[in-house]
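Visitor: I would like a close look at a single part of this model, the open sheet and what lies around it. Please take it strand by strand where that helps.

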Amino acid sequence: MSPIRKPLAKSLIKPLVAVGCTTALVTGATACAAIENISAGKKLENAADKLGERRSVSMELDLDATPEQLIALSKSDSASEPMTREEAETLAGVKVSVAVQAKKPLAEAKDKDLVATQLKLSGPDGVLAEYRVMGKTAYVRLDMRAFGELSGEPVPSADEMPESMPGGKALRKILEGGWVKVDTAEMEKARAEVGGGAGGKKASGGPELSPEASKKITKSLKKLFAREVTLKDTGSRDGADHVVATGPVRTLLTGIFDELRPFTDEIPGAEDLPTAKDFKDLPNKKIAVDFAIKNGTLAKASTDVAPLAEGLKKGDKLPITLTFGEGGKIAVPSGATELDIAGMMDAMMGGFEAGDDADAVSGDNFTVGGDAQSSAEKGIEGLSVDLEDLEG
């Protein structure tokens, strides 16, 4: 199970996915000369191009909703449990930040040019989860106590994890909130083994999108946005120029993924693109994304996704802001403990092969049995889920 209980996460997924995809793809589609307001489109296109000229960029997604708004949103889905006050207060302060650093301007960079990437999930009390990739090594840290409080499920303490078990030292480090490091090739291999090699494709290291395919996709998306999106220059305020893009969310998302689907063999990790069925419950209402441009560069995108959510009172808002900035240098965490995924997998498989009558899983001079064994297995399963969600 994901650290945040599934009914809770489900109530937030549709509005968050909608605004994230719409903001990013409206920005990328502004080169279309057929969009209604040419000057506004050109201004936004140039601002986005300025970001691409940088070698490092950061983005922070902030859900500016109050606890009361989140509770009302959770009550709108009859299949979900309403949020508790404590959960709503935690999520109201959640921020997601992404940073990328490359050897050349990001608009020209390919996978081999990336120096480092960083994904961080923060709450009111600090970092909940962080994932960095530097070359062939991934670094992870988690606040397991906070995740345990959100999920309502107990998390084993570090003392319950013997250091002598395979991966025990690293798992103890995770439970203490410290950094662990993982070989990315070993992580992908373990994931493929656990997932049975579904799809037969790697999550990373696959082919990159060809220039021909990229041109075809860009041309198709330009036509889609020319039909569905309008842009308006709303002048200057608070030290920034503002351009507002407006379009129907469900139509845009469905059309975007329909255009990408023929190229799934060339897009790494695109085996399971969503279909129209996945968006059928999403209202096809129009939302407006306000882009703020400072010094000719895209600085912020903000919108209100309340029209996409049911159960809110009239006049309620559900604002989301995406802020762009300089990424800076992403550093290698100090004191990270190496996680031996292969050793852990071997130990787990050895336990399974022992059959139902086995009372314990044996490793390097240790035996884990009974409740301790259950806690260890839950810790390993939880780590697997968290790594997939973070790398995502």
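Guide: What follows goes through the sheet, then one residue in it, two loops, and the packing.

This is a predicted model, in which local features need pLDDT of at least 70, side-chain atom pairs count only at pLDDT 80 or more, and totals for chains, interfaces and linings use all residues. Residues are numbered from 1 along each chain as its sequence is written, and side-chain values use heavy atoms, with hydrogens and water left out.

The open sheet is formed by twelve strands in the order S7-S8-S9-S10-S11-S1-S2-S3-S4-S5-S6-S12, with mixed pairing. Strands (E, at least two residues) and helices (H or I, at least four) are DSSP runs numbered from the N terminus, and two strands pair if DSSP finds at least two bridges between them. At the edges stand S7 (230-237) and S12 (337-338), each with a single partner strand, so one side of each has no neighbour in the sheet.

Within this order, S1 (residues 56-63) and S2 (residues 95-102) run antiparallel and are joined by seven bridges. One bridge partner pair is Asp-62 with Lys-95 of S2.

Asp-62 is also among the residues touched by Thr-321, which is located in S11 (residues 319-326). Contact here means heavy atoms within 4.5 Å. Not counting residues up to four places away in sequence, the other residues that Thr-321 touches are Glu-60, Leu-61, Asp-64, Lys-300, Ala-301 and Ser-302. Thr-321 has a relative accessible area of 12% and is buried; buried means under 20%, exposed over 50%, and partly exposed in between, with a 1.4 Å probe and protein chains only.

Two loops between strands deserve a note on backbone angles. Most residues other than glycine have a negative phi. Asp-238, in the loop between S7 and S8 (240-248), has a positive phi near 55° and is exposed at 73% relative accessibility. Asn-295, in the loop between S9 (286-294) and S10 (297-304), has a positive phi of about 55° and is exposed at 80%.

As for packing, a nonpolar core is a set of buried Ala, Val, Leu, Ile, Met, Phe, Trp, Tyr and Cys residues joined through side-chain atoms within 4.5 Å. The largest has 72 residues, and those with the most contacts inside it include Leu-231, Phe-291, Leu-298 and Leu-318. Helix H9 (residues 249-260) gives the most to this core, with six residues. A second, separate core of six residues includes Ala-99, Ala-116, Tyr-139 and Ile-330.
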